[in-house]
Amino acid sequence: MSESREHKTILQLEQVSRFYRTRGNVFRGGGRLVVALNKINLSLRQGEIFGLVGESGSGKTTCGRLIVRLEEPDEGRITLGGEDITHLKGKKLKDYRRQVQMVFQDPYQSLNPQVTIADSVAEPLITNKLGDPLDHLERVLKVLDTAGLSPSEDYVYRFPHQLSGGQRQRVAIARAIVLEPSLLVADEPTSMLDASYSAQIFEILQGVRDNMGATIMFITHSMASARYLCDRIGVIYRGHLVEQGPAEQVINAPQHPYTKALIDATPKFGRSSEVPTYGTLLAAERPATSSAGCPFFRRCALAERLLCAGTYPPWHDVAPEQVALCHLLQDAAPAASSG
Amino acid sequence: MENKTVQILKAKRRALWRQRFMENWRVFMRNPLGRIGMSLLVMFGLMAVCSYIPPMIDPMYHPMTGVDPKVVSSVGPSWQHWLGTDFMGRDIFSQLLAGARVAFLVGVSAAFMSVVLGTAVGMTAGYMGRFTDTALMRLADMIMVLPTLLVVLMLAALFGQLSIWMIVLMIALFRWPGVSRIIRAQTLSLKQRPFIDAARVSGASHLRIIFRHIMPNVLPLAFLYMTFRVTSAIVIEAGLAFLGFGDPGTVSWGMMLQWVWKTGYMFQAPYWLLPPGICISLITLSFYMLGRAMDEVLDPRLRDETQAG
């Protein structure tokens, strides 16, 4: 799908890092730095759906929060359409957020329980002073229809607790797209929902991309939904981006051991054997001798002790547009490793 | 948009708020505490309203200045004076009615002021965090440990007789820390909720987040604490008045108790002693019961428990 569009970069993350300090102070053994994101390089192309896949705690949500600037990166640079937005403040930040919106993971928590649906969805319009209340209402009705809540007249004057989880998530999506943003960050929008709702949410997101031309960053822990929805995928492990490439390619021919482990972990319908396809995940973690080595060393079944434990792996162009961060791919020619 | 759709939507909006109110009202009234508290309160409300009637019938029923010329000392209940008269011939029943008015005035205004102050401080401390939080909460701690009645007594001794509004102000100024602690805790937890992040992404300013997103969520709690504050304000005012530091220009229940005690009728005139005492107990009880029933409206987890028990 991405071939038909020109590869215009809309959002770029350059060497972005984010650290958290553990609670407590020096006397209680706290205050250690925890790396949530380590020197991430990413670029999102205009009009694509980019999937960021990783296990919980891998830093994928942090990455989304950095992009909408709920948090500030400690290092590196984020640019939107060439403009540096890393440390925006005040009015400029507000203007930036007109272009970049977010859908949160938990629809039960992301809507204010004391605010009606109409007011929740109109919030971005009100804060940005776009039109009068009647205009707001009109746009709210339209955008609720777009998000699949129709007839929207029945939903506007309700409180969140009167809606189901799927309906709430549609409201959250409606709120995110009411300003017609150019970039939408969707942080696991379906992880709290039934599978049947998930497919509908995916359709809405696809519709947002196709009809509004928005670029979507889709954060997920599920390879299956990433495959269903995304044009390109980035795999993130403990704050390190380890593989990136077109969705089909990454899933059919994963190169990085962690990506392979993720695909092994995907439940497969109707297959009785428990034998993993790749078997790259170590059952028990092995101790790492130094922190300088490969981030996946402790759990990688293929790792070579000297090489992987000691030095940080380099990026390899393993296939057209597909890159992976691994020592072991060094010798593999791009075509040979697809077996 | 056509006018008709707008009309329909406006009707829906009204219906939503009405439905919400009715739901809460139903839960409230299903609770026996709520029913008793509400009816007691309605009774006291009627008393306060009716306090204007006796002086209109006859000037001798004026609670403060009206004296029955035929009476020289305290007499018991009669047709003329339903609850009897005090030592100089003033009607006790009309004093009791006037006392209800003062109790409401003191209770509600002191509670309102302390809750407004407590909520403002609590939300500021909780939302701003860091230094502001520490400073405000230490201040709250300092005021919280002061025994209100004692401090107000000392101030009254220092400045002579306090007017009723000064007393209200004092109570408000000394009773906000409890409210602010609770509101702060609530604000701290609300601040972490994703809908605040969502509001930030929507472009809401700090002020808008505080007033539009945090305040509606803490207001029910503040309102709940107001009912408990009313109770304590009434008790403090009654205590002050009984000890002789009340506003000499108002007839409050505490004042009536002081008169009984001071004139030595404490054990001779139960018709004079009991009514104000009972009224103070009942009005504090009714506000307390109101608060308990409201607690149930605000916290759905309490509902099943009551139904089972």
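Me: How many residues of chain A are in contact with chain B?
Reply: This is a predicted model. Contact here takes C-beta atoms within 7 Å. On the chain B side, 21 residues take part. On the chain A side, the number is 27.

Me: How do the residues on the side of chain A that touches chain B divide into nonpolar, polar and charged?
Reply: Elements that give two or more residues to this side include α3 (117-127) and α4 (133-146) of chain A. Strand β6 (100-103) of chain A is also among them. The residues divide into eight polar, nine charged and ten nonpolar.

Me: Which helix gives the largest share of the largest nonpolar core?
Reply: The core has 163 residues. Among those with the most contacts inside it are A:Val121, A:Leu144 and A:Phe218. The largest share is 18 residues, and it comes from chain B. The helix is α9 (residues 206-242) of chain B.

Me: Which residues does A:Met217 touch, leaving out those up to four places away in sequence?
Reply: A:Met217 is one of the residues with the most contacts inside the largest nonpolar core. Its partners include A:Gly64. The full set is A:Leu44, A:Phe50, A:Leu52, A:Gly64, A:Ile67, A:Val185 and A:Ala186.

Me: In the hairpin of β11(A) and β12(A), which residue takes a positive phi?
Reply: Strand β11 (residues 315-319) of chain A pairs with β12(A) in the antiparallel sense over four bridges. A:Ala319 stands opposite A:Gln322. Two residues lie between the strands. The one with a phi near 70 degrees is A:Glu321.

Me: Which residue of β12(A) stands opposite A:Glu243?
Reply: Strand β10 (residues 240-246) of chain A pairs with β12 (residues 322-325) of chain A. The sense is antiparallel, over two bridges. Opposite A:Glu243 stands A:Ala324.

Key. Residues numbered from 1 in each chain as written. Chains lettered and ligands numbered in written order. Predicted model: local features only at pLDDT ≥ 70, side-chain atom pairs only at ≥ 80, totals over all residues. Core = buried A, V, L, I, M, F, W, Y, C linked by C-beta atoms within 7 Å. Buried ≥ 20, exposed ≤ 12 C-beta atoms within 10 Å, placed from the backbone. Contact = placed C-beta atoms within 7 Å. Pairing = 2+ DSSP bridges. Nonpolar A, V, L, I, M, F, W, Y, C, P; charged D, E, K, R; others polar.
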